[in-house]
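Open the structure in your viewer and switch to a cartoon view. Keep the sequence panel at hand for making selections.

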Amino acid sequence: MSHPFEKVVIVGAGPSGLLLALLLSKHGITVHILEASHELDKQPRAAYYGSAAIPDLRRAGIIDEIRRQGLTPASTAWRRWGDFERITGTDGELLADVDGEDLRKACLVLNQLNQLMLEEALGKYNAQIFWDHRVVDTGQDGNQAWVDVETPRGPTRIYGDYIVGCDGGKSTVRKSMFGVEFPGFTWDTQIVSTDVYYDFTKHGFDDLNFVPHHDHFFMVAKLTSDGLYRVTYGELPGLTWEEMKSRQPWKFQLMLPGHPGPADYKLTDMSPYKMHQRCAPSFRKGRILLAADAAHLCNPWGGMGITGGFVDVGGLYDCLAGIWDGKADESILDLYSEKRIEKYKAMIDPISRNDFRRVSSNPDTLLDQDPVLQAFKKAEGNTALQKELLLSSLAMRYDFTQHYRK
């Protein structure tokens, strides 16, 4: 069977680029991945993948392995700062069977997930990756698209039928399309992400915990069965990296249950982050496309960034696979851009903004003033209502296959 195109070039071997490469190559489409670094990113980043992303991880054939290597978070709690009494929470086990499908969140440290997806795409489905290939520009004509790349052997040009920018918030692909235009804003707050071995279970903590406070808000998320946790917290703006590192022991002793000193825990990783709310003007310009952080950014407090990126990729896969199979024409790529921007503006952006405002609010008045926590409080003991609230995140998805030719 002949197909209307031959190859997709994906820029960036991050989680969304690798998931797209896996989905496309599994479908039989030739995929070349270009990565500026010589290896996968090892920094502590997202590790929880929300229910809206689970269908795409399942059809990529990796959800069972993710759960085997990682874990399935069972419960989420909002806790009062200081005494850590539970304000309210949710039971993720309610999503273990949704019309026969397990839609519970999944957790696997991102560098492990990236390695899993890379091995699957290269080993089973013949995708190819090119390390030390830094894209500096893109171009296209009526027949093909290309990227100009700097490599250790000198500059080169690589061609494909479509170029997909999955190269993160500082995306070169996006800049080649729109220059510096990336509408939105950057939060003033500094965020620090740490991975730490500390026994939160003896303090009654759930798998995922949010502890609101004006200045010393933090999140605790269980990452592994052997007791590694992600602790992400807010810091003062304007600090140097050295100042953040020097303040970390004090922050932990101030914030965490048991007020631990450095001898009471093992810190394995630490990284600073700035938070953004931004969305590109379009996710398509001819044969050049954007997905995930290259297309839009949001703060990490509700997990909307990584989950939304995976949902982007699942939708883009459906569009490209539809073209490949002769079930859709290229106009479906305009629909991809339109609908994913709609989902960002209607859900990902406003919900993630509220997620951060919630965690950085006054803990003493939060329940009285926050309608989301009030809804979860009302749902305590009512499994049907709680399940309905948890499933509302699936509205982030969009079925592009409904636009296939009948």
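The tour goes from a sheet to the helices. Keep in mind that this is a predicted model.

**The sheet.** Start with the open sheet of eight strands. Its order is 5-4-13-14-15-12-16-19, and the pairing is mixed. Now select 86-91, strand 5, and 296-297, strand 19. Both stand at the edges with a single partner strand each, so one side of each has no neighbour in the sheet.

**Inside the sheet.** Select residues 184-197 and 228-235 next. These are strand 12 and strand 15, which run antiparallel and are joined by eight bridges. For one bridge pair, pick tyrosine 197 and its partner in strand 15, leucine 228.

**A helix on the sheet.** Add residues 331-359, helix 8. Helix 8 packs on the sheet and touches several strands, including strand 4, strand 12 and strand 16. Its direction makes about 130 degrees with that of strand 16.

**Helix 7 and helix 8.** Select residues 304-324 to bring in helix 7. Its axis and that of helix 8 come within 11 Å and cross at roughly 170 degrees. The two helices are therefore roughly antiparallel. Show side chains at the contact: Val311 and Leu316 are among those from helix 7, Tyr336 and Ile348 among those from helix 8. The contact has 12 nonpolar, three polar and three charged residues.

**Helix 1 and helix 4.** Finish with residues 15-26 and 110-123. Here the axes come within 9 Å and cross at roughly 25 degrees. That makes helix 1 roughly parallel to helix 4. The crossing is left-handed. Residues that meet here include Leu18 and Leu22 in helix 1, and Met117 and Leu118 in helix 4.

Definitions and conventions
Residues are numbered from 1 along each chain as its sequence is written. This is a predicted model: local features need pLDDT of at least 70, side-chain atom pairs count only at pLDDT 80 or more; totals for chains, interfaces and linings use all residues. Side-chain values use heavy atoms; hydrogens and water are left out. Two strands pair if DSSP finds at least two bridges between them. Helices (H or I, at least four residues) and strands (E, at least two) are DSSP runs, numbered from the N terminus. Contact means heavy atoms within 4.5 Å. Axes are lines fitted to C-alpha atoms, for helices over the stretch in contact, and angles run from 0 to 180 degrees between N-to-C directions. Angles under 35 degrees count as roughly parallel, over 145 as roughly antiparallel, 65 to 115 as roughly perpendicular and the rest as oblique. Ala, Val, Leu, Ile, Met, Phe, Trp, Tyr, Cys and Pro count as nonpolar, Asp, Glu, Lys and Arg as charged, and the others, Gly among them, as polar. A crossing is left-handed if the near helix is turned anticlockwise from the far one by less than a right angle, and right-handed if clockwise.
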